[in-house]
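Grab a coffee and work through these short exercises with the model open beside you. Each one sets a task and then walks through a solution.

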Amino acid sequence: MSVATDTDIIAVPGLGQSPGIVGMLAALVVFATTLRSALRRQHPTFLAAPVTALTTALVHLMAVWFATLVSSGDLVIATVVAGGLVQGGPSLVLLLAAAIAAWGGIALRRTRAEHPRWPWERDEDE
């Protein structure tokens with residue numbers, strides 16, 4: 001997103017990279033946990049994809065807000081940073097990426113896809 005718009009995602013001087021790192025780590029953990037719980041079912045539903053995506057995006061915002069609050073010590077700055085993520089578009093990009101990835105994971109589980117095999121690895125009876 002920052003490459004396309006030629007702007008910083010979090011443009012607060014002196015804040016550092018910790019809010020972005022904490023936000024992405026939290027989003028990754030929540031995405032994996034939520035999708036894993038959806039994939040444990042015998043026949044997972046595609047309704048888990050938007051739930052996973054929305055949960056991922058919201059946790060990302062909360063983690064960035066909290067990390068900014070800890071780093072800056074200012075409630076207003078933390079709120080402005082979180083609002084900038086929503087208004088500027090990075091949260092939408094994260095939401096869409098999580099939705100596509102969750103849908104793909106559910107589709108792979110529903111089709112019982114296997115690893116690709118070379119022709120000589122297949123059974124002769126097939």
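From the N terminus on, the elements of this protein chain run α-α-α-α-α. It's a predicted model, where local features need pLDDT of at least 70, side-chain atom pairs count only at pLDDT 80 or more, and totals for chains, interfaces and linings use all residues. Residues are numbered from 1 along each chain as its sequence is written, and side-chain values use heavy atoms, with hydrogens and water left out.

**Exercise 1. Take stock of the fold.**

Task: work out how many helices and strands the protein chain has.

Solution. Start with the DSSP runs, numbered from the N terminus: helices are H or I with at least four residues, strands E with at least two. That gives five helices and zero strands. Next, check burial: of the 126 residues, 29% are buried (buried is under 20% relative accessible area, exposed over 50%, partly exposed in between, using a 1.4 Å probe on protein chains only). Finally, look at contacts, meaning heavy atoms within 4.5 Å. Among those with a separation of 6 or more, 77% join residues 24 or more positions apart.

**Exercise 2. Follow H5.**

Task: find out which residues of H5 are buried and what they pack against.

Solution. First, the span: H5 has 21 residues and reaches 30 Å from its first C-alpha to its last, close to the expected 30 Å (1.5 Å times one less than the number of residues). Then pick out the buried positions: Pro90, Ser91, Leu94, Ala98, Ala102, Gly105, Ile106 and Ala107. These buried residues pack against H2, H3 and helix H4 (75-88). Last, step just past the end of H5, where Arg112 takes a positive phi of about 55°.

**Exercise 3. Sort the aromatic pairs.**

Task: say how many aromatic pairs there are, and why Phe46 and Trp103 count as stacked.

Solution. Set the rule: rings of Phe, Tyr and Trp (its six-membered ring) pair if their centres lie within 6.5 Å; planes under 30 degrees apart are stacked, over 60 edge-to-face, the rest tilted. By this rule you get two aromatic pairs. Phe46 and Trp103 have ring centres 5.6 Å apart and planes at 25°, so they're stacked. Phe46 sits in the loop between helix H2 (18-39) and helix H3 (48-72) and Trp103 in helix H5 (residues 90-110), so the pair ties together parts that are 57 residues apart in sequence. Phe46 is partly exposed at 29% relative accessible area, and Trp103 is partly exposed too, at 49%. The other pair, Trp118 and Trp120, is stacked as well, at 5.2 Å centre to centre and 0° between the planes. Both of these Trp residues, 118 and 120, are exposed.

**Exercise 4. Place His60.**

Task: decide whether His60 is buried or exposed, and list its contacts beyond its sequence neighbours.

Solution. Locate His60 in helix H3. Its relative accessibility is 7%, so His60 is buried. Now skip neighbours within four places in sequence, and His60 touches Gly23, Met24, Ala27, Leu85 and Leu94. For one more distance, the C-alpha atoms of His60 and Ile21 are 10.0 Å apart, with their positions 39 residues apart along the chain.
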